[in-house]
Amino acid sequence: MKFQGRSTRKRTGGRRRNFRNKRKHELGDEPTETRLGEAARKEVDARGNTTKVRAVQADTATVATDDGTVAAEIEDVVENPSNPNYVRRNIVTKGAIVETSEGRARVTSRPGQDGQINAVLVE
């Protein structure tokens, strides 16, 4: 969700006027809704002369198992507590339960921020 700035009303209901315009670092950006599909990433400028890598689409996940980590193929999004609508649209966010070649796994990384999908097996 985009940041709209401070409320124009006080708690008392009185009017609050802007004392300056929005700054570049205060502007929001649309969320990167990482979908299932052929791997695609994009670099975005971030604050402090850095860049973020965002996963636009992804098809593999690094799944942590008892033996270590395995690169597993993502087959389907099974559950997403942040938004039930994301399951139908196959959108992966942190906390989403995905069906992988290793079994069901819960996503622990933020694909829209990190550019990769890390997950832990769910028993």
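## V98 and its surroundings

Let's start with one well-connected residue: leaving out residues up to four places away in sequence, V98 touches I74, D76, V77, V78, V92, G103, R104, A105 and V107. Please keep in mind as you explore that this is a predicted model.

V98 also belongs to the largest nonpolar core, a group of 14 residues. Those with the most contacts inside this core are V63, I74, V92, V98, V107 and I117. At least two core residues come from each of β4 (60-64), β5 (69-79) and β8 (103-107). Which strand gives the most to this core? That is β5, with three residues.

## The hairpin and its next partner

Strand β7 covers residues 97-100 and runs antiparallel to β8, with four bridges joining the two. Together β7 and β8 make a hairpin, and two residues lie between them. Within this pairing, I97 stands opposite R106 in β8.

On to β9, the strand of residues 118-121: β8 pairs with β9 as well, over three bridges and again in the antiparallel sense. Here R106 turns up once more, standing opposite V120 in β9. R106 therefore has I97 across from it in one pairing and V120 in the other.

## The four-stranded sheet

A handy general point for reading what follows is that strands of a sheet pair through backbone hydrogen bonds, in either a parallel or an antiparallel way. In this model, four strands form an open sheet with mixed pairing, and their order is β2-β3-β1-β6. Why is one side of β2 and of β6 left without a neighbour in the sheet? Both β2 (40-46) and β6 (91-92) stand at the edges and have a single partner strand each, so one side of each has no neighbour there.

The partner of β2 is β3, made of residues 50-58; the two run antiparallel and are joined by seven bridges. If you would like a residue pair to look for, A40 has Q57 in β3 as its bridge partner.

## The largest pocket

The largest pocket holds about 420 Å³ of space. Its lining is made up of K24, H25, L27, G28, D29, V44, D45, A46, R47, K52, R54 and Q113. Sorted by character, these residues are three nonpolar, three polar and six charged.

The antiparallel pair described above comes back here, as β2 and β3 each supply at least two residues of the lining. Of the elements that contribute, β2 gives the most, with three residues.

## Two asparagines with positive phi

As a general rule, most residues other than glycine have a negative phi. Two asparagines in this model are worth a look with that in mind. N49, which is not a glycine, has a positive phi of about 55 degrees. Where is N49 found? N49 sits in the loop between β2 and β3, and N49 is exposed, with a relative accessible area of 80%.

N90 also has a positive phi, near 55 degrees. N90 lies in the loop between α1 (85-88) and β6. With a relative accessible area of 25%, N90 is partly exposed.

## T60 and E26

Is T60 in β4 buried or partly exposed? T60 has a relative accessible area of 38% and is partly exposed, since buried would call for a value under 20%. Apart from residues up to four places away in sequence, T60 touches A72, E73, I74 and I117. Among these, I74 and I117 are listed with the most contacts inside the largest nonpolar core. T60 and L36 are 24 residues apart along the chain, and their C-alpha atoms are separated by 8.9 Å.

E26 belongs to the segment before β1 (34-36). E26 counts as partly exposed, at 22% relative accessibility. Setting aside neighbours within four places in sequence, E26 is in contact with F3, R20 and N21. There is also a pairing in space to check: E26 and G5 are 21 residues apart in sequence, and 7.9 Å apart from C-alpha to C-alpha.

Notes: Residues are numbered from 1 along each chain as its sequence is written. This is a predicted model: local features need pLDDT of at least 70, side-chain atom pairs count only at pLDDT 80 or more; totals for chains, interfaces and linings use all residues. Side-chain values use heavy atoms; hydrogens and water are left out. Two strands pair if DSSP finds at least two bridges between them. A nonpolar core is a set of buried Ala, Val, Leu, Ile, Met, Phe, Trp, Tyr and Cys residues joined through side-chain atoms within 4.5 Å. Buried means under 20% relative accessible area, exposed over 50%, partly exposed in between (1.4 Å probe, protein chains only). Contact means heavy atoms within 4.5 Å. On a 1 Å grid over the protein atoms alone, a cavity is a set of points where a 1.4 Å probe fits but cannot get out, and a pocket is an open set with protein on both sides within 12 Å along at least five of seven lines; lining residues have an atom within 4 Å of a point. Grid points are joined across faces, edges and corners, and a volume is the space filled by probe spheres set on the points. Ala, Val, Leu, Ile, Met, Phe, Trp, Tyr, Cys and Pro count as nonpolar, Asp, Glu, Lys and Arg as charged, and the others, Gly among them, as polar.
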